[in-house]
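Grab a pencil and work through these short exercises. Try each task on your own before you read its solution.

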Amino acid sequence: MKRLLPILVAIALATALFGCGGGDDSSGSTSTTALSSCNIDGKQQNLGASYVTSIEVTKVSCPQAEKVVAAYHQCRADNGGAGGTCDAPVQGFRCTEGPRQSVPGVQFNATADCKKGEAEIKSSYTQNF
């Protein structure tokens, strides 16, 4: 398993980074304003999950989005550890999590969509167990 773990992590990261598709917004978002990507290079492991792989925003700054994302992951950790969930608002944002794609007992990939009025923060992340 030790030899397999780095391969599984690499596959999961590649899926999170490249497997989400692009182009159209078929995610079901009700936002009418286009999302802008935040540059989180060098911060991926400092935003609460094992790896935050992307953050996109509408009507909120990237620095504020990073704080909300970190607070969301802290809320998850406070409510069940690595596999926890967060049902409480974080910094005034209400967050919903997409389906988890998992490697049982190792890690999972998921997305979170946080909204407050017209402000929206979409993020994707990998969480190791």
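**Exercise 1.** Does Tyr125 count as buried or exposed?

*Solution.* Keep in mind that you are looking at a predicted model. Start with the number: the relative accessibility of Tyr125 is 0%. Buried means under 20%, so Tyr125 counts as buried.

**Exercise 2.** Work out what kind of ring pair Phe108 and Tyr125 make.

*Solution.* The structure holds two aromatic pairs. In this one, the ring centres of Phe108 and Tyr125 are 5.9 Å apart and the planes sit at 75°. Planes over 60 degrees apart count as edge-to-face, so that's the label for this pair. Now find the partners along the chain: Phe108 is in strand E5 and Tyr125 in strand E6 (residues 119-128), 17 residues apart. Phe108 is buried too, because its relative accessible area is 1%.

**Exercise 3.** Do the job again for Phe108 and Phe129.

*Solution.* Here the ring centres are 5.6 Å apart and the planes are at 45°. That angle is neither under 30 nor over 60 degrees, so the pair is tilted. Phe129 lies in the segment after E6, 21 residues from Phe108. With 53% relative accessibility, Phe129 counts as exposed. Put the pairs together and you get a cluster of Phe108, Tyr125 and Phe129.

**Exercise 4.** Which residue's side chain does Asn109 reach with a polar contact?

*Solution.* First locate Asn109: it's in strand E5 (residues 107-116). Next check its surroundings: a relative accessible area of 8% makes Asn109 buried. Finally, the partner is Thr126, with the two side chains joined by a polar contact of 2.6 Å.

Key:
Residues are numbered from 1 along each chain as its sequence is written. This is a predicted model: local features need pLDDT of at least 70, side-chain atom pairs count only at pLDDT 80 or more; totals for chains, interfaces and linings use all residues. Side-chain values use heavy atoms; hydrogens and water are left out. Helices (H or I, at least four residues) and strands (E, at least two) are DSSP runs, numbered from the N terminus. Buried means under 20% relative accessible area, exposed over 50%, partly exposed in between (1.4 Å probe, protein chains only). A polar contact is a pair of N or O atoms within 3.5 Å; within protein, one must be able to donate a hydrogen and the other to accept it, and residues adjacent in sequence count only if both atoms are side-chain atoms. Rings of Phe, Tyr and Trp (its six-membered ring) pair if their centres lie within 6.5 Å; planes under 30 degrees apart count as stacked, over 60 as edge-to-face and the rest as tilted.
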